[in-house]
Amino acid sequence: MRPRRVPVSLPNPWLPGADWADRHELLLFAERMTAAEAALRALRNAAGWLRSFGEWRNCVAVGLGLNAAPQPTQSDLIGSIPIMYSGDRETVVGYDARHLHFRIVVDVRDGPADGQVIGMTTLVRRRSAIGWLFFAAAIPLHKAIAPALLRGVARPGQGFPGER
C-alpha cells in the first residue's frame with residue numbers, strides 16, 4: 001500500500017510547543033516489526049535523492065550560521081539523526097538546532113487481519129525568523145520526503161554505507 005496522510009493534533013508530548021506537524025501512515029501486511037525496526041528501515045532505506053537533500057540541507061545550514069544536523073559519530077543515531085527514545089511501539093529521533101527543533105515519531109499498532117499500521121509523525125518548533133523561513137522552504141519538499149521515508153519501511157535495506 002501507499003502511505004496516506006492522516007490528521008494530527010498538537011500539542012504533542014515529544015515536542016511541547018511544536019507549531020507544525022504532519023502524519024503519514026502505511027498499512028503493512030504479513031510482516032511484524034517494532035517501532036525501532038520501522039524507524040531504522042525508514043531512515044536507512046532513504047533513496048539517494050533524500051540522502052543528497054540531507055547533505056545539501058547541512059551545507060546550507062552551516063553556510064547560514066545555523067546548526068547542521070549532527071554527524072554520525074556515535075552509535076545512538078539512525079542515519080545522522082539522534083535517537084531520543086526507542087521502544088517496541090514508539091521510537092523518536094530528532095535534534096534541537098538554534099533555528100528550530102525537529103522530531104520524527106515512528107509508531108506501530110495492529111492493523112486489520114495480519115496487518116500492522118506504521119505511522120510517522122513529523123513535529124517542528126520554529127524558534128526564529130530564520131527557522132520560519134528555512135522550514136517554509138522545506139515544506140514542499142517534506143510533502144515528498146515523508147511518504148518516501150515511510151515507503152522505505154516496506155522494503156528491507158542495506159543501511160547507509162559504513163553502518164553496521
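**Close-up 1. Ala113, an exposed residue in the loop between β6 and β7**. In this predicted model, Ala113 has a relative accessible area of 78% and is therefore classed as exposed, the cut-off for that class being over 50%. Ala113 is located in the loop that runs between β6 (100–110) and β7, and although Ala113 is not a glycine, its phi is positive, at about 55 degrees.

**Close-up 2. Gln116, a buried residue of strand β7**. Strand β7 comprises residues 116–126 and includes Gln116, whose relative accessible area of 2% falls under the 20% limit, so that Gln116 counts as buried. The side chain of Gln116 reaches the backbone oxygen of Met33 at a distance of 2.9 Å. When neighbours within four places in sequence are left aside, the residues in contact with Gln116 include Leu26, Leu27, Leu28, Glu31 and Arg32, together with Met33 itself, and also Val108, Arg109, Asp110 and Gly111.

**Close-up 3. The largest nonpolar core and the surroundings of Ile118**. This core has 30 residues, and among them Ile118 and Val153 touch the most other members. At least two residues of the core are supplied by each of β2, α1 (35–44), β5 (90–96), β6, β7 and α3, with α3 giving the largest share, seven residues. Residues up to four places away in sequence not being counted, Ile118 touches Val153 as well as Leu150, and its other contacts include His24, Glu25, Leu26, Leu28, Met33, Ala38, Val106, Asp107 and Val108. A second core, separate from this one, consists of six residues, among them Ala21, Val92, Val105 and Leu123.

**Close-up 4. Helix α3, its span, its kink and its buried residues**. Helix α3 covers residues 129–151, and because each residue is expected to add 1.5 Å, its 23 residues should span 33 Å, which agrees with the 32 Å that separates its end C-alpha atoms. The helix nevertheless contains a kink of about 50 degrees, centred on Leu141. Buried residues of α3 include Gly131, Phe134, Phe135, Ala138, Ile139 and His142, and, further along the chain, Ile145, Ala146, Pro147, Ala148, Leu149 and Leu150. In an α-helix, residues three or four places apart point the same way, because there are 3.6 residues a turn.

**Close-up 5. The cis peptide bond between Leu10 and Pro11**. The peptide bond that leads from Leu10 to Pro11 is cis in the model, with omega near 10 degrees. Pro11 lies in the loop that connects β1 (4–6) with β2 (20–28).

Terms used:
Residues numbered from 1 in each chain as written. Predicted model: local features only at pLDDT ≥ 70, side-chain atom pairs only at ≥ 80, totals over all residues. Heavy atoms only, no water. Helix = DSSP H or I, 4+ residues; strand = E, 2+ residues; numbered from the N terminus. Expected span 1.5 Å × (residues − 1). Bend = angle between axes of the 7 residues up to and from the residue. Buried < 20%, exposed > 50% of the residue type's maximum accessible area, 1.4 Å probe, protein only. Polar contact = N/O pair within 3.5 Å; in protein donor to acceptor, adjacent residues only side chain to side chain. Contact = heavy atoms within 4.5 Å. Core = buried A, V, L, I, M, F, W, Y, C linked by side-chain atoms within 4.5 Å.
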